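Trainee: I would like to go through the helix packing and the chain contact here. Can we take it step by step?

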Amino acid sequence: MALTQPDLTTQIGPLSLRNPVIAASGTFGYGLELETLVDLNLLGALVVKGLSLKPMPGNPPPRIVETPGGMLNAIGLANIGLEAFLRDKLPRLRTYTTPIIVNLYGHRTEEYGELASELRGVEGIAALEVNISCPNVECGGMAFGIDPVTSARVTEAVVRNTDKPVIVKLSPNVTDIKTVAKAVEGAGAHALSLINTLTGMAIDVETRRPKLANVFGGLSGPAIKPIALYMVYQVARTVKIPVIGMGGIMDHKDAVEFLMVGARAVEIGTATFVNPRTTLEVIEGIRAYCAEKGIRKIGEIVGSLRT
Amino acid sequence: MFELLNEIVSNQPVTHDTWLMALRSAEIARAAKPGQFVMIRVKPGLDPLLRRPFSICGVKGDLFLVLYRVVGKGTSLMTQLRQGERLWVLGPLGKSFAVPGKSFSRLLVGGGIGIAPLLFLREFHGEKKAALMMGFRSAKDIISPQRITGEDRSFVVATDDGTKGHHGPVTDLLEERLRENAGDVAVYACGPKPMLKKVAERTMALRIPCQVSLEAHMACGLGACQGCAVKAAASSARMYFSVCKEGPIFEAEDIDWEMI
């Protein structure tokens, strides 16, 4: 009897992925930094470092600190800006067959729209992922993503100005993530990805100073996985659009958990720092899991949680 | 750059708090240049989570050497590792020291564990003119270069408490040397930030070429996460450099020493 390979393809709205494993924004640079270690063509998709209209220098150091089971970062969305991205990075990324997703952010609602508009019709960009965890200068630096109304406005601004699928990346730093998810869905998002990092801090008791120059930062890594999983579980049952799950995934079992609560794909972030090939190992792990369980299509796992 | 499971060939203390580990990797040993570093996953599992960066302190055949001071959980765990165990190593990473023309005499200034890349630099180029100056807190902290590389070349030592060598900072030794002759010298420095700052300020004032090796908290080591930023000098077009990719070796004049 010929053993057929399990079908790992998954559909995120209009976007077809060869497998459900995506390299998360901010942890994979522009992909090119890791191309000698990871065959980018094997990834389900690759989300590049958060992009803004103008280059951003980022926060003063120290920008990262390890905490039990995770890490805090306050990079400050450092990036090369739209122009350099289109000139220096995208042409090389186009040589890969993997869908390239551009994560974007702004400090004002109209900046999101402007950036989306600049990327309209640009070849080699499969989708946009909207970072709504960025501080909103119009609202005293409060993140867009903590409020359903500002989240929906940013989503609309992007959707209105793009020809590409729009994935909105939700912040977990909210009272009820379902409310924000519904607002973003209502504003026309094609998919949701969650969770972004959880806000936290760490202190050096000898110096009484925060360990991050920015005082606080975003917590990621295995420490946040149970929180992320529950949020994905809640959101996947609330919205009709596809959900991409992330938060502390270290191996294929973690990834399968996210699929079981309803995610159609997963993003891998901090684990790439621990092992640059985690994404590929997760793909292989999911494949082996499916083969072992007699699962023919990845869709059979999605939302299959028994309660 | 490679990501490989490397066998520990030896792991021994060289002072009361500093250890030397030799790992077998023909690939890394062949590719490594002085100033470059490796990211080591100290232990499988989630604690510690991230890899730790270590300067490469020498190569011998298919082995490369890592000198480490026990400062936290990761390095404490490293002391428990035995010969024959294997570790995931990513490297060699970052830029290496640039070497000026032969007419330059090199002054290597190291503070504490910061001597690691300088020992590799001196050995790699087999440069007889290179003078090694090392600063330590006390006599008991002195790391013998002979113990590390087996070389038997001269060096001078300064200790903060005067228990051995010059009583005072290692930068005094540099000052003295520069007073004798500051022509056609190039300075290479690695060590604590106040020491580097002093070396940088002095060499810049005298317009002597100076390269420094910086350290930073790092997550990826590949230039992907932007976690290891260092402030660039005001004269630079950039605000920050990434230590892992654009460093760890920098020209002293490219760094904003006020911020350090």
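Trainee: Which hand does the crossing of H4(A) and H5(A) have?
Mentor: This is a predicted model. In it, the axes of H4(A) and H5(A), residues 225-236, come within 9 Å. The hand of their crossing is right-handed.

Trainee: Are H4(A) and H5(A) parallel or oblique to each other?
Mentor: Their axes cross at roughly 45°. Angles under 35 degrees count as roughly parallel, and 65 to 115 as roughly perpendicular. The crossing of H4(A) and H5(A) falls in neither range, so the term is oblique.

Trainee: Which residues of H5(A) make the contact with H4(A)?
Mentor: H4(A) brings Ile177(A), Lys178(A) and Ala181(A). By class, the contact has four nonpolar, one polar and one charged residues. From H5(A) come Met231(A), Gln234(A) and Val235(A).

Trainee: How are H3(A) and H4(A) oriented to each other?
Mentor: H3(A), residues 148-160, packs on H4(A), residues 177-186, with the axes 8 Å apart. The angle is about 30°. Angles under 35 degrees count as roughly parallel. H3(A) and H4(A) are therefore roughly parallel.

Trainee: How many charged residues are in the contact of H3(A) with H4(A)?
Mentor: Pro148(A), Ser151(A), Ala152(A) and Thr155(A) of H3(A) meet residues of H4(A), including Thr179(A) and Val180(A). By class, this contact has five nonpolar and four polar residues. The charged count is none.

Trainee: Which element of chain B gives the most to the side that touches chain A?
Mentor: The contact takes 25 residues from chain B and 29 from chain A. On the chain B side, 16 are nonpolar, four polar and five charged. The top contributor, with three residues, is strand E13 (residues 229-231).

Conventions. Residues numbered from 1 in each chain as written. Chains lettered and ligands numbered in written order. Predicted model: local features only at pLDDT ≥ 70, side-chain atom pairs only at ≥ 80, totals over all residues. Axes fitted to C-alpha atoms, helices over the stretch in contact; angles between N-to-C directions. Helix = DSSP H or I, 4+ residues; strand = E, 2+ residues; numbered from the N terminus. Parallel < 35°, antiparallel > 145°, perpendicular 65-115°, else oblique. Contact = placed C-beta atoms within 7 Å. Nonpolar A, V, L, I, M, F, W, Y, C, P; charged D, E, K, R; others polar. Left-handed = near helix turned anticlockwise from the far one by under 90°.
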